[in-house]
Amino acid sequence: MVVSSTNPHNKEIAIRRRIASIFNKREDDFPSLKEYNDYLEEVEDMTFNLIEGIDVSDIEAKISKYQEENGEQIMVNRARKAEELAAALAASKGQPAQTDNDAAASQNSQAGLVALPQGQYAPTFPGQPRPTGMAPQPLPLGGVDMLGYADDEETMRLRAERGARAGGWSLEISRKRALEEAFGSIWIC
């Protein structure tokens, strides 16, 4: 697959997504951590070479061969990832995890027989989960704290002071810098 994009970041993202969907083994699939790390290093080398355009035809041949030899495991790992994402989504919405009977009904619905309920994953193509529904929205900042109390002047001053210290600044540093800049701009002739 040749990705023609004017933006190099989009090209890299597309290549990394494609490679990650094919080379999707996990640490559990290997007998030792060293073998898993070697696998990850080989995948990263291929990804880098594809992004940089080095030996693209050889790498594409390797990818095709790998897909033919490991097609079943690739699909199993994609399904496992989709199930984990669906379970995580259900857990975040407070719903129980999907059972095998629900999974069979979901497979029928993906074929177009029944619409999926809101919040379930509807793959755009096999192995590619796509979230549906609305994600939790962030809380607005300012004015009211998490308990619903309005901020008074003292609380706002303390937050500003603590925020500055958390960022590595203090009032003394600010004064010293202002004085150094002021005296540094005086020219003595």
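Are R18 and E60 buried or exposed? R18 is buried, and E60 is buried as well. The close-ups below start from an overview of this predicted model and then come back to that pair.

**Figure 1. The whole chain, an all-helical fold with six helices and zero strands.** Walking from the N terminus, you pass through the elements in the order α-α-α-α-α-α. The protein has 189 residues, and 17% of them count as buried. Its exposed surface comes to about 14,700 Å², with carbon and sulfur atoms supplying 57% of that area. As for how the chain folds back on itself, take the contacts between residues at least 6 apart in sequence: 47% of them join residues at least 24 apart. Eight salt bridges turn up in the structure, along with four aromatic pairs. The next views zoom in on some of these.

**Figure 2. R18 and E60, a salt bridge between helices α1 and α3.** Here the closest N and O atoms of R18 and E60 sit 2.8 Å apart. R18 belongs to helix α1 (residues 8–22) and E60 to helix α3 (residues 56–92), so-called distant parts of the chain, with 42 residues separating the two in sequence. Both R18 and E60 are buried, as the opening question asked.

**Figure 3. R26 and E84, a salt bridge from the loop between α1 and α2 to helix α3.** The closest N and O atoms of R26 and E84 are 2.8 Å apart. This pair also links distant parts of the chain: R26 is in the loop, E84 is in the helix, and they are 58 residues apart. How accessible are the two partners? R26 has 23% relative accessibility, so R26 counts as partly exposed. E84 is partly exposed too, with a relative accessible area of 40%.

**Figure 4. R80 and D29, another salt bridge involving helix α3 and the loop between α1 and α2.** The N-to-O distance between the R80 and D29 side chains is 3.8 Å. R80 comes from helix α3 and D29 from the loop, so this pair ties together parts of the chain lying 51 residues apart in sequence. R80 is partly exposed, its relative accessible area being 24%. D29 is partly exposed as well, at 29% relative accessible area. Away from this pair, shared partners join E12, R16 and E44 into one salt-bridge network.

**Figure 5. An aromatic cluster linked by ring pairs, made up of F23, F30, Y36, Y39 and Y66.** What is the geometry of the F23 and Y39 pair? The ring centres are 6.5 Å apart and the planes meet at 55 degrees, so the pair is tilted. F23 is in the loop between α1 and α2, whereas Y39 is in helix α2, so the pair ties together parts 16 residues apart in sequence. F23 is buried, with a relative accessible area of 10%, and Y39 is buried at 10% relative accessibility. Y39 also pairs with F30, again in a tilted arrangement, with 5.0 Å from centre to centre and 45 degrees between the planes. F30 is buried, its relative accessible area being 16%.

**Figure 6. D55, a residue with positive phi in the loop between α2 and α3.** Most residues other than glycine have a negative phi. D55 isn't glycine, yet its phi is near 50 degrees. Is the residue buried or exposed? Somewhere in between: D55 has a relative accessible area of 47%, so D55 counts as partly exposed.

**Figure 7. A nonpolar surface patch made by L179, F183 and I186.** The patch covers about 340 Å². Where does I186 sit? I186 is in the segment after α6 (171–184). With a relative accessible area of 49%, I186 is partly exposed.

Key. Residues are numbered from 1 along each chain as its sequence is written. This is a predicted model: local features need pLDDT of at least 70, side-chain atom pairs count only at pLDDT 80 or more; totals for chains, interfaces and linings use all residues. Side-chain values use heavy atoms; hydrogens and water are left out. A salt bridge is a side-chain nitrogen of Lys or Arg within 4 Å of a carboxyl oxygen of Asp or Glu. Helices (H or I, at least four residues) and strands (E, at least two) are DSSP runs, numbered from the N terminus. Buried means under 20% relative accessible area, exposed over 50%, partly exposed in between (1.4 Å probe, protein chains only). Rings of Phe, Tyr and Trp (its six-membered ring) pair if their centres lie within 6.5 Å; planes under 30 degrees apart count as stacked, over 60 as edge-to-face and the rest as tilted. Contact means heavy atoms within 4.5 Å. Accessible areas come from the Shrake-Rupley method with a 1.4 Å probe; for residues, only the protein chains shown count as cover. Patches are made of residues with over 30% relative accessible area and no salt bridge: like charges are joined within 9 Å, nonpolar side chains (Val, Leu, Ile, Met, Phe, Trp, Tyr) within 5 Å.
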